[in-house]
Amino acid sequence: MDLAEIWRVMRRRWYVLLPGLLLTAALTTAVHLLIPVEYQSQSTVTLLNSSKATEAFDGNPFLSTQASLTGMADGLARNLNSDGAKADLKALGVTGKHEVKIADNAQGPFMWLTVTGIDPAAVLKSDELLAGYADKRLKEFQTQQSVAPEAMIRMATIVPPQKPEAQTKTRIQYIVMVGALGFVLSLVAVFFVEARRRTPRGQNRRTPAGTPATDTPAAVPAAATPGTADETMALRTVGPSGAGSP
């Protein structure tokens, strides 16, 4: 079946295709209205060596880096993603979903603090609260280990919480999926109806009343076969009345 035939079937069964397309349009509109637009704000922080460890570098923490800082960043990120941290952040007024992880392709203890929600203002405020909570948890970890203040690892903000941006990828994916599925099902319904309406040849022939319909062709009399040579001679000898021919 080529494209021309498909188009002819669609035109012939428009009364099946049209309701399907209208239903598909209604479903995609519903998905567009029911799935809200999400906004995302992100900030970047880094862990710095203690003031005591940077004395040899004239107090410049960016000149003093240690592998242990990356390990500390990983541990802090895991703690901030825990259920206990989620409960604390919710009590502080953080809304939406938050995520803390080491920055991709980072060459140091850099962390991404991300908050996602449907209210741009609340998302921005939540990202600020998350950054403050992360600094607080870092200090609590070291206080629990009785670390002297001058030897504590510090946190610095590299990129402050950014203006929330709309995240429409997931929403568009759902709309495209619903639209494509609805169109395919409409075509399936069209060709199903077309197949049901088509009747095989020979089933529409009408038979006289009282005559059973049959698809078996009428028996054809067998063609007469020529007799043997003796029978042929006998027919020539015996005439119609039975008397022999002269």
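User: In this predicted model, is Arg-78 buried or exposed?
Analyst: The model is a predicted one. The relative accessible area of Arg-78 is 60%. The cut-off for the exposed class is over 50%. Because 60% lies in that range, Arg-78 is exposed.

User: Which residue forms a salt bridge with Arg-78?
Analyst: Arg-78 lies in helix H3 (residues 67-80), and its partner lies in that helix too, 4 residues apart, about one turn of the helix. The partner counts as partly exposed, at 29% relative accessibility. The N to O distance of the salt bridge is 3.0 Å, and the residue that meets Arg-78 is Asp-74.

User: How many residues apart are Arg-137 and Glu-140, which both lie in helix H5?
Analyst: Arg-137 and Glu-140 form a salt bridge, with the closest N and O atoms 2.3 Å apart. Arg-137 is buried at a relative accessible area of 14%, whereas Glu-140 is partly exposed at 25%. Helix H5 spans residues 120-144, and the two positions are about one turn of the helix apart, a separation of 3 residues.

User: Which residue forms a salt bridge with Glu-194 at 2.9 Å?
Analyst: Glu-194 counts as buried, at 5% relative accessibility. Its partner is partly exposed, with a relative accessible area of 37%. The closest N and O atoms of the pair are 2.9 Å apart, and the partner is Arg-12.

User: How many salt bridges does the count come to?
Analyst: The pairs include Asp-74 with Arg-78, and Arg-137 with Glu-140. Another of the pairs is Glu-194 with Arg-12. The count comes to 7 salt bridges.

User: How many residues apart are Glu-194 and Arg-12, a pair that links distant parts of the chain?
Analyst: The salt bridge between these two side chains has its closest N and O atoms 2.9 Å apart. Glu-194 belongs to helix H6 (residues 169-197) and Arg-12 to helix H1 (residues 3-12), so that distant parts of the chain are linked across a separation of 182 residues.

User: Why is the pair of Trp-14 and Tyr-15 edge-to-face?
Analyst: The count of aromatic pairs comes to 1. The ring centres of Trp-14 and Tyr-15 are 6.2 Å apart and the planes stand at 80°. Planes over 60 degrees apart count as edge-to-face. Because the angle between the planes of Trp-14 and Tyr-15 is 80°, the pair is edge-to-face.

User: Is Trp-14 exposed or buried, and is Tyr-15 exposed or partly exposed?
Analyst: The relative accessible area of Trp-14 is 53%, which places Trp-14 in the exposed class. Tyr-15 has 35% relative accessibility. Trp-14 is therefore exposed, and Tyr-15 is partly exposed.

User: How many helices and strands does the chain have?
Analyst: Read along the sequence, the chain follows the pattern α-α-β-α-α-β-β-α-β-β-α-α. The total is 7 helices and 5 strands.

User: How many of the residues of S3 are buried?
Analyst: Strand S3 spans residues 110-117. The strand is described as mostly covered. Across the chain of 246 residues, buried residues make up 26%. In S3, the buried residues are 6 of its 8.

User: Which strand pairs with S3 over 8 bridges?
Analyst: One bridge to S3 joins Val-45 to Met-111. The strand in question spans residues 38-48 and pairs with S3 in the antiparallel sense; it is S1.

User: Which residue in S3 stands opposite Lys-97?
Analyst: Strand S2 (residues 97-102) and S3 run antiparallel and are joined by 6 bridges. The residue of S3 that stands opposite Lys-97 is Thr-116.

User: With which side chain does the side chain of Thr-114 make a polar contact?
Analyst: Thr-114 has its place in strand S3 and is buried, with a relative accessible area of 9%. Beyond four places in sequence, the residues that Thr-114 touches include Ser-41, His-98, Asp-127 and Leu-130. The polar contact has a distance of 3.0 Å, and the partner is the side chain of Gln-42.

User: What percentage of the exposed area of the chain do carbon and sulfur atoms supply?
Analyst: The chain exposes about 17100 Å². The share supplied by carbon and sulfur atoms is 60%.

Methods. Residues numbered from 1 in each chain as written. Predicted model: local features only at pLDDT ≥ 70, side-chain atom pairs only at ≥ 80, totals over all residues. Heavy atoms only, no water. Buried < 20%, exposed > 50% of the residue type's maximum accessible area, 1.4 Å probe, protein only. Polar contact = N/O pair within 3.5 Å; in protein donor to acceptor, adjacent residues only side chain to side chain. Contact = heavy atoms within 4.5 Å. Salt bridge = Lys/Arg side-chain N within 4 Å of Asp/Glu carboxyl O. Phe/Tyr/Trp six-rings, centres within 6.5 Å; stacked < 30°, edge-to-face > 60°. Areas by Shrake-Rupley, 256 points an atom, 1.4 Å probe, with all protein chains shown as cover. Pairing = 2+ DSSP bridges.
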